[in-house]
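Q: I'm new to this one, so please give me a close look at a single part. Pick one charged side chain, start from there, and show me how its surroundings connect to the rest.

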Amino acid sequence: IKRDLLNALNIRQGQLVGRPAYGTRIWDYVFESQAQETQAGMEREIQRVCGGDPRIFVQSINAYPQENGMLLELLISVVPSTNAERLAIFFDQEQRTASYV
């Protein structure tokens, strides 16, 4: 499930042939100034991507601007479990990749 989520976050929306809604627009936010509106947009985009996988329930999202990207910390539950797991995902502007840290 975590690998599927990371794959969705590494593919720009519209790049997967036959599935135009798959992927994310989060990379558009990563390259913007790190204002409150940008962080709110990133959080909405994470909710949208995670909402596409019925196995994932997002409990909370925290965004931390970094020098060369953005660190997002997600608290998720795998449905139907109630056990929460914290995921830290770094969006690297230079490499243009998302990875777990």
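**Starting from D28**

A: Let's start with D28, which counts as partly exposed because its relative accessibility is 43%; the scale calls a residue buried under 20% relative accessible area, exposed over 50% and partly exposed in between, using a 1.4 Å probe and protein chains only. Keep in mind that this is a predicted model, where local features need pLDDT of at least 70, side-chain atom pairs count only at pLDDT 80 or more, and totals for chains, interfaces and linings use all residues. Residues are numbered from 1 along each chain as its sequence is written, and side-chain values use heavy atoms, with hydrogens and water left out.

So who does D28 pair with? Its side chain meets that of R12 in a salt bridge, 3.3 Å from N to O (the rule is a side-chain nitrogen of Lys or Arg within 4 Å of a carboxyl oxygen of Asp or Glu). The pair links distant parts of the chain, with R12 in the loop between α1 and α2, D28 in helix α2, and the two positions 16 residues apart. Helices (H or I, at least four residues) and strands (E, at least two) are DSSP runs, numbered from the N terminus. R12 is partly exposed too, given its 27% relative accessibility.

That's one of 7 salt bridges in the structure. Another joins R48 and E45, whose side chains meet at 2.7 Å, N to O. Both lie in helix α3, 3 residues apart, or about one turn of the helix. Their settings are worth setting side by side: R48 is partly exposed at 30% relative accessible area, whereas E45 is buried at 3%. Helix α3 itself covers residues 36–51. Apart from neighbours within four places in sequence, E45 is in contact with Q13, G23, T24, R25, I26 and Y29, where contact means heavy atoms within 4.5 Å.

A third salt bridge pairs R55 with D53, their closest N and O atoms being 2.8 Å apart. Salt bridges that share partners join D4, D53 and R55 into one network. R55 is partly exposed at 32% relative accessible area, while D53 counts as buried at 13%.

Now back to helix α2, for something without charges. The structure holds 1 aromatic pair. Its members are W27 and F91, with ring centres 5.4 Å apart and planes at 70°, so the pair is edge-to-face. W27 sits in helix α2 and F91 in strand β3, so the pair ties together parts 64 residues apart in sequence. Rings of Phe, Tyr and Trp (its six-membered ring) pair if their centres lie within 6.5 Å, and planes under 30 degrees apart count as stacked, over 60 as edge-to-face and the rest as tilted. Both rings belong to buried residues: W27 has a relative accessible area of 3%, and F91 is at 0%.

F91 also leads us to the largest nonpolar core, which has 23 residues; L5, L9, I46, L72, L74 and F91 touch the most other members. The elements giving two or more residues to this core are α1 (2–10), α2 (26–30), α3, β1 (56–66), β2 (69–78) and β3 (84–92). Such a core is a set of buried Ala, Val, Leu, Ile, Met, Phe, Trp, Tyr and Cys residues joined through side-chain atoms within 4.5 Å. Take L5: leaving out residues up to four places away in sequence, L5 touches V49, C50, I56, L74, L87 and Y100.
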